[in-house]
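Me: I'd like to go through this model with you and ask how each label is earned. Could you set the values against the cut-offs as we go?

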Amino acid sequence: MMNHTVREGIIIGLGDSFMAGDEAGGSEKSYLKRIADARGYDDFNLGKVGMGNLGAANMLLVNTPEWISEYNKKYLIWSPSGLNRIDVPIPSCLSKDTQWLPLGDDRIPTDYFPVTLFPGKACFSGNLTYLNPICEAIFPLTSDSTGVINFFISWKMIDMWCKTYGFEYVIFPAFRDDMTYLRLVDRYKEANLFKQLPWHKFIKVEDCTSYLQWAFVQAGIDKNMDMQELINRRDSLNLTDEKKTLLDLWIAPRGHVTEYGTEKFAQILNNFLPF
């Protein structure tokens, strides 16, 4: 057990590349880190590039240090990824790039790896592309409902973890509404199985229901534009120099929020958090 001097509070972050601070300077400059520093809290960022919702829940459950209970104020921000990301467990021996989180003297491997389902195919992210034949076998067994079911399983796991350890939490998705929030609310909120879940945990920030939507509004582009569409069409949007400068200020080349945008978002979100 490592020597760990806790501060008054801690904020844990769950999610994908947006939570991890990709294209914004990494976890040390993520909005989670900025909010924690502004409050004088510790931060524990479990965001991982390409991670889906089941993988995020698994990251939380297997990486809980003993000292987590020592904090007086305990909060968690979950930024769900797109429902088309279906994380699957892969034995560490198959991974060329096993991820480890240093927690004391123990080193715990993460054994869920990001798999993204696209129309007609599925693929692993990063250095795991050589495992894509496994995806080809998995894909026929999945459907649109697979992502939804995974989301609710993940949510229940996260909710139970927060109750067990005394954490307050909020949910603020990374991507546009139809990939997460609205699809869930419109189709499943009234289903008997899901009525018991705390839907009030979803928050809005300046009337936006996702991080990328908020950033698109700041950048002056259609808030409902798809991230991949922006990446593909960025040079053909026929923007004025002024609007292009504004876009570059807020949105990084691969579609994430810039370091500048992340800093501004942290200031705004800190005021919107209900804790």
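Reply: Gladly! Let's begin with strand β1, residues 9-15, which pairs with β2 in the parallel sense over 4 bridges. Please keep in mind that this is a predicted model.

Me: What makes β1 and β2 a pair?

Reply: Two strands pair if DSSP finds at least two bridges between them. β1 and β2 have 4 bridges, so they count as paired by that rule. As examples, Gly13 has Asn45 of β2 as its bridge partner, and Ile10 stands opposite Asp42 in β2.

Me: How do you know that β1 also pairs with β3, and in which sense?

Reply: The same test applies: at least two bridges are needed, and β1 and β3 share 7, in the parallel sense. Gly9 has Lys73 of β3 as its bridge partner, while Gly13 stands opposite Ile77 in β3.

Me: What joins β3 to β10?

Reply: These two strands run parallel and are joined by 4 bridges. One of the partnerships is between Leu76 and Tyr169, the latter in β10.

Me: What is the strand order of the open sheet?

Reply: The order is β2-β1-β3-β10, an open sheet of 4 strands with parallel pairing.

Me: Why are β2 and β10 called edge strands?

Reply: β2 (42-45) and β10 (168-171) each pair on one side only, and that is what earns them the name. From one strand to the next, the twist averages 15°.

Me: Which helix packs on the sheet, and at what angle to β1?

Reply: That is α3, residues 53-62, which touches β1 and β3 (73-79). The direction of α3 makes about 150° with that of β1. Touching here means heavy atoms within 4.5 Å.

Me: Why is β1 described as largely enclosed?

Reply: A residue is buried when its relative accessible area is under 20%. In β1, 7 of the 7 residues are buried, so the strand is largely enclosed by the rest of the structure. Both faces are covered: Gly9, Ile11, Gly13 and Gly15 are buried on one side, and Ile10, Ile12 and Leu14 on the other. In general, side chains of a regular strand alternate between the two faces of the sheet. As for β3, 6 of its 7 residues are buried, and that strand is mostly covered.

Me: What makes helix α7 largely enclosed too?

Reply: The same under 20% cut-off is used. α7 spans residues 211-219, and 7 of its 9 residues are buried, so the helix is largely enclosed by the rest of the structure. The buried ones are Tyr211, Leu212, Gln213, Trp214, Ala215, Phe216 and Ala219. Their cover includes α1 (17-20), α2 (31-39), α8 (227-233), α9 (241-250) and α10 (259-272). Just after α7, Gly220 takes a positive phi of about 75°.

Me: How many cavities of 30 Å³ or more are there, and what lines the largest?

Reply: The count comes to 1, and the largest cavity has a volume of about 30 Å³. A cavity is a set of points where a 1.4 Å probe fits but cannot get out. The lining is made up of Ser17, Phe18, Gly21, Asp22, Ala24, Tyr211, Val257 and Thr262. Those residues divide into 4 nonpolar, 3 polar and 1 charged, with Gly counted as polar. Tyr211 ties this back to α7, where Tyr211 is among the buried residues.

Notes
Residues are numbered from 1 along each chain as its sequence is written. This is a predicted model: local features need pLDDT of at least 70, side-chain atom pairs count only at pLDDT 80 or more; totals for chains, interfaces and linings use all residues. Side-chain values use heavy atoms; hydrogens and water are left out. Buried means under 20% relative accessible area, exposed over 50%, partly exposed in between (1.4 Å probe, protein chains only). On a 1 Å grid over the protein atoms alone, a cavity is a set of points where a 1.4 Å probe fits but cannot get out, and a pocket is an open set with protein on both sides within 12 Å along at least five of seven lines; lining residues have an atom within 4 Å of a point. Grid points are joined across faces, edges and corners, and a volume is the space filled by probe spheres set on the points. Axes are lines fitted to C-alpha atoms, for helices over the stretch in contact, and angles run from 0 to 180 degrees between N-to-C directions.
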